Structure formats: C-alpha cells, structure tokens
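Let's take a walk through this model together, beginning with its pocket, moving on to the cores, and ending with the charged pairs.

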Amino acid sequence: MRTLLITLLVILMGAPPAVAQPDFGPDYVQTQFGPMGPAGRDLLQKVALAGLWEGPAGRMGLQKSANPKVQEASRHLVEGHADLDRRTAELARTLNVQLPTRPNEAQQGWLNEMSAAPARSTEFDKIFANRLRAAHGVVYKFLAQVRTGTRNTAIRDYAKVCMDTVLDHMTVLEATGMVDFNDTEAIPLALVAQPSPAAPTPPRAAAKVVPQTAAPQRQKEGGVSDGLIGFAVLVAAGVAIWLWSGGRSSRRMHP
C-alpha cells in the first residue's frame, strides 16, 4: 500500500504539462525556425524585388554620376544588395519560397528614368537619390512590421539584417543632399506625437473572469489541472501522516 501511494504521488507531481500547438491557419506552415506565414514569404519576395532594381541602379550611379557622394551611395547599394541577394536566395531555398526574377513595372520605370537622364548631370543625381530614398523608406516600414510580428526566428534575424542595410542606404542617399523632403507624396511627412509631461504608464491587464464551464478546457490546454495538484497535495499529506503514525505504532509494539 505504501509503495502504491508513493508511486501515485510521483506520477501526479512529476507529470509534464501538455502544451497545445497553436493553429495559425492554412496559410502557415511549421518549420524548424517556427511558423512561416504570408508575411515571411512576402518579405523574402519584396527584398528580392528590391535587389533586382537597386543593385543595377547602384551600378548605373557609379557609371553616370560625377558627384562623389552619389558614387559613395552607389557603392553602398551595390555591396549591400549583393549581400542581401545571397542571404535571400539561401533562406528562400531553406523555406521553399519562390522568388521573382525581374523588376516590377514601377521599378523598371525608375531604371528607365535614370537611363534617360544625361550622364554626369544634376538631373541624374536627383532622380537617383529621390527614387531610391523613397523606395527605401517604404521598404523600411514594411521590414519593421514583419520584424515586430513574426514568430519565425530565421525571418526575424533576416529582417534585422535587411533593416540595417536599408537604413545604411537611406543614410548615404540623404547624405548626397539631393533628396527632396518637400515631396511629401514620395516621402510622407511623419506624424509627431504631442509631448507628454510624464512618461506613459503601461496599461494594467484587466482581471479575467473565467466561467466554471471553462475548467475542463483549461485542464485540457494547460496539462495538470488545479484539482489534480490539490489532490496530489492531499495524497502527500496522507502518506506523510500514515508513515508517521505507522512509525509510532511500530515503536509502541517494539519497545
């Protein structure tokens, strides 16, 4: 009897909780890095698209611009996208994502604008800086959204590398002095929050009232329920009392 009670106690107290795998829907697949959904696939495809026109634009800047700052920005574009192209292709193979192979219509139009602008002209430098700066701003916001929400560790690390590269490109493009920040259609004006006299206090989580009918479901999702834990405690107490009383009885019988 004593052995049976001790075995029962060990089973109840040592049972690992059951962890339910969340179901994100049919658009998600489980990978070794976590769930992979539409945002992760979209990220890989958008970065690949960016490389298909921004790399050539950088090479064009090296050939057509006489401005040292534009040439410096061009070198950053060529080197940065060569690295991102390699990373993108490798991760896309790992996660089974199909990548685009040619620029879209808008991107090809921007390349055509640069090609049509006279070499070694201010016109070329302005088109180069403004088209690329506007495009990088859009991509940077998208990268931040995916980086914030993804549960896939590979996509999260990749998005961070992309954000660092895009921020570097934005910085060198702005350093050319050719970016027109008055063009709020291409570069929207940021909405600045009103200053606050005190630091905001994080919202307190509201107490959840769980109906009694939810108890079986909670037990199913969380593993060992509160009732089983309480029962295990009672069993442990009973075993301790029984062992103690048994020991005293034995001492009385054998002085």
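This is a predicted model, and a good place to begin is its largest pocket, which has a volume of about 330 Å³. Around that space you will find 18 lining residues, with Gln107, Trp110, Ala135, Val138 and Val139 lying nearest the centre. Which helices supply the lining? Helix H2 (38-64), helix H4 (105-116) and helix H5 (122-149) each supply at least two residues, and H5 gives the most, with seven. By character, the lining of the largest pocket divides into 11 nonpolar, three polar and four charged residues.

Now turn to the nonpolar cores. In soluble globular proteins, nonpolar side chains tend to be buried together. Here the largest nonpolar core holds 20 residues, and Leu43, Leu44 and Ile155 touch the most other members. Each of H2, helix H3 (68-95), H5 and helix H6 (153-174) supplies at least two residues of this core, with H6 giving the most, eight residues. To get a feel for the surroundings of one member, try centring your view on Leu44. Setting aside neighbours within four places in sequence, Leu44 is in contact with Met36, Thr88, Leu91, Ala92, Leu95, Val97, Leu99, Ile155 and Tyr158. Apart from the largest core lies another, of 16 residues, including Met60, Ala73, Ile127 and Phe128.

Finally, let's look at the charged side chains. How many salt bridges does the count come to? There are eight salt bridges, and three of the pairs make a nice tour of the helices.

In H2, Asp42 forms a salt bridge with Lys46, their closest N and O atoms being 3.0 Å apart. The two residues are four apart in the helix, about one turn. Asp42 is partly exposed, at 26% relative accessible area, and Lys46 is also partly exposed, at 39%.

In H3, Asp83 and Arg87 are likewise four residues apart, about one turn of the helix, and they form a salt bridge with closest N and O atoms 2.9 Å apart. Asp83 has a relative accessible area of 26% and is partly exposed; Arg87 counts as partly exposed too, at 33%. This pair also belongs to a network of salt bridges that links Asp83, Arg86, Arg87 and Glu90.

In H6, the side chains of Lys160 and Asp164 meet in a salt bridge at 2.8 Å, N to O. Because Lys160 and Asp164 are four residues apart in helix H6, about one helical turn separates them. Both ends are partly exposed, Lys160 with a relative accessible area of 45% and Asp164 with 41%.

Conventions. Residues numbered from 1 in each chain as written. Predicted model: local features only at pLDDT ≥ 70, side-chain atom pairs only at ≥ 80, totals over all residues. Heavy atoms only, no water. 1 Å grid on protein atoms, 1.4 Å probe; cavity = no way out; pocket = protein on both sides within 12 Å on 5 of 7 lines; lining within 4 Å. Points joined across faces, edges and corners; volume = space filled by probe spheres on them. Nonpolar A, V, L, I, M, F, W, Y, C, P; charged D, E, K, R; others polar. Core = buried A, V, L, I, M, F, W, Y, C linked by side-chain atoms within 4.5 Å. Buried < 20%, exposed > 50% of the residue type's maximum accessible area, 1.4 Å probe, protein only. Contact = heavy atoms within 4.5 Å. Salt bridge = Lys/Arg side-chain N within 4 Å of Asp/Glu carboxyl O.
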